[in-house]
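Work through the exercises below with the sequence and the structure open. Each task is followed by a solution in steps.

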Amino acid sequence: MDRERLLRELSEFLRIPSVSTLPAHNDDCRAAATWVSAELQRLGCRDVQFLGSETHPVVWGVGPDVPGAPTLLIYGHYDVQPPDPIGEWTTPPFEPAVRGGRLYARGAADDKGQVFCLLKAIEASGRPPINFRFLIEGEEEFGSKVLFDLLKREPQRTKADAVLVADMAYVAPGWPAVYTGLRGLAYAEITVRTAKSDLHSGEYGGAAPNAHEELCRLLGRLKGEDGRINIPGLYAAVKRPTKAELAAWKKLPFKEKDFLEKRVQAKRLTGLKKYSVQERLWALPTFEIHGILGGFTGQGAKTVIPAEATAKVSLRLVPNQKLKTVQQQLAAAVRRLAPKYVTASVHFLHGADPAQIELDHPAFERLDRAFKEVVGRGTTPARAGGSIPVVPALGAAGAPVLLTGIGLPDDRLHAPDEKLDLKQLWDGIEVFRRFYALLGGGGNNRLM
């Protein structure tokens with residue numbers, strides 16, 4: 001394994017600022033798709049296409065044919081989250097830097113580094129004994145609309161014996177995982193308007209309603225200090241973890257003190273105290289505020305009473321909850337909790353249902369064996385607090401979806417100084433090289 005060459009190639013991929021949420025980066029998303037397509041062609045794919053969009057295309061690839069062998073569909077994404085706040089990065093987010101055996105850059109772990117790992121595992125295999133299909137998209141961080149529309153028109157794209165999604169992390173260093181569930185997502189903007197226009201705070205202050213104040217009070221009503229979300233009906237559909245799941249989670253190498261001090265890096269944890277931290281992270285819905293817009297936020301001073309304010313918010317959904325139902329519940333709660341003298345509205349940007357996965361297909365045993373042979377420990381079943389919107393659609397044709405990955409819990413996804421431990425990358429290439437061999441019948445165990 002030529003690690004210096006691999007590091008140069010991954011760094012080239014990471015330098016592309018493919019931020020899907022910002023139109024200013026449309027050309028960069030197209031450039032990242034071009035990088036992926038060139039890599040697929042180098043691997044020998046006989047059919048590589050850009051589908052669904054000129055700016056955020058889904059890269060479709062068909063690998064060399066192996067008659068009679070199983071087909072593995074590989075999913076990943078080349079788009080990344082915005083890097084803000086830029087000033088909190090130790091080195092610039094799109095100038096990859098290695099420090100202490102770790103590669104720092106936006107997208108290093110989510111998900112460019114992991115896509116790179118899967119592709120280089122194919123390269124390391126020479127000629128793998130299985131067929132490959134690829135769906136590498138450019139809108140995962142913004143709802144996957146292009147891919148959803150594509151699969152609605154052409155559902156046959158997901159036809160495979162198994163689907164591999166490496167966009168996840170170990171549950172702890174040395175503890176690889178396979179995931180049985182992902183939370184869903186409902187992302188929205190809540191807007192409050194109190195007057196026709198902004199007003200002079202000297203002439204009107206003390207009498208005129210302030211949109212920021214009203215928005216903050218409304219947000220406080222939606223979620224109390226105890227962490228409970230005050231949206232009628234929200235918790236009714238929540239399916240609690242089984243006793244077996246809860247018992248298994250207690251055996252994981254998780255320490256609340258380390259989670260607080262090393263990962264959250266705050267003074268205390270919040271949320272519903274009667275539930276464990278793992279339950280709060282994996283098995284309960286959330287309501288989070290991501291940003292508040294309105295009024296004057298530039299340098300210097302401007303004394304206005306804002307007439308309009310908007311909060312960007314999201315809810316994470318858990319098993320049995322449905323996106324459409326939660327959207328209706330949030331909209332109704334905003335109407336009920338907003339005072340009569342303000343106009344409050346909700347605009348939904350994107351979302352997805354939660355995903356649940358059964359681990360009873362032989363492909364999961366192959367994955368477990370590959371990790372065990374390479375890193376010395378098999379996969380631990382776990383849930384994830386995050387969302388990959390398209391996972392249910394990937395499994396709609398009946399193929400098992402293997403959710404796994406080479407990240408670590410402290411990779412700082414979506415935050416400054418995102419990183420990928422290089423040992424995880426080198427081990428991961430060997431793990432997935434071995435997985436491809438086992439899937440194709442290596443070790444005298446056929447998949448089907």
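Axes are lines fitted to C-alpha atoms, for helices over the stretch in contact, and angles run from 0 to 180 degrees between N-to-C directions. Helices (H or I, at least four residues) and strands (E, at least two) are DSSP runs, numbered from the N terminus. The model is predicted: local features need pLDDT of at least 70, side-chain atom pairs count only at pLDDT 80 or more, and totals for chains, interfaces and linings use all residues. Residues are numbered from 1 along each chain as its sequence is written, and side-chain values use heavy atoms, with hydrogens and water left out.

**Exercise 1.** Describe how helix α2 packs with helix α3.

Solution.
- Step 1: α2 covers residues 26-42 and α3 covers residues 112-125; the angle is about 15 degrees and the axes are 11 Å apart.
- Step 2: Angles under 35 degrees count as roughly parallel, over 145 as roughly antiparallel, 65 to 115 as roughly perpendicular and the rest as oblique. α2 and α3 are therefore roughly parallel to each other.
- Step 3: Contact means heavy atoms within 4.5 Å. W35, E39 and L40 of α2 meet F116, L119, K120 and E123 of α3.
- Step 4: By class, this contact of α2 with α3 has four nonpolar, no polar and three charged residues. (Ala, Val, Leu, Ile, Met, Phe, Trp, Tyr, Cys and Pro count as nonpolar, Asp, Glu, Lys and Arg as charged, and the others, Gly among them, as polar.)

**Exercise 2.** Do the same for α11 and α13, then place D427.

Solution.
- Step 1: α11 (residues 362-375) and α13 (residues 422-439) pack at about 140 degrees, with axes 8 Å apart. The two helices are therefore oblique to each other.
- Step 2: The α11 side of the contact includes R366, F371 and V375, and the α13 side includes D427, F432 and L439. Its classes are 11 nonpolar, no polar and six charged residues.
- Step 3: D427 lies in α13 and touches V374 and V375, not counting residues up to four places away in sequence.
- Step 4: Buried means under 20% relative accessible area, exposed over 50%, partly exposed in between (1.4 Å probe, protein chains only). At a relative accessible area of 17%, D427 is therefore buried.

**Exercise 3.** Find the partners of strand β6 and state how covered β6 is.

Solution.
- Step 1: Two strands pair if DSSP finds at least two bridges between them. Strand β2 (residues 58-62) pairs with β6 in the antiparallel sense over four bridges, and V59 stands opposite I136.
- Step 2: Strand β3 (residues 71-77) runs parallel to β6, joined by seven bridges, with L72 opposite F132.
- Step 3: In β6 (residues 131-137), seven of its seven residues are buried. N131, R133, L135 and E137 point one way, while F132, F134 and I136 point the other way.

**Exercise 4.** Lay out the sheet that contains β9, and name helices packed on it.

Solution.
- Step 1: Four strands form an open, antiparallel sheet in the order β11-β13-β9-β14.
- Step 2: β11 (286-294) and β14 (343-352) each have a single partner strand, so one side of each is left without a neighbour in the sheet.
- Step 3: The twist from one strand to the next averages 20 degrees.
- Step 4: β9 (residues 184-193) and β13 (residues 308-317) are joined by 10 bridges; I190 stands opposite A311.
- Step 5: Helix α6 (residues 211-222) packs on the sheet, touching β9, β11 and β13. Helix α10 (residues 323-337) touches β9, β11, β13 and β14.
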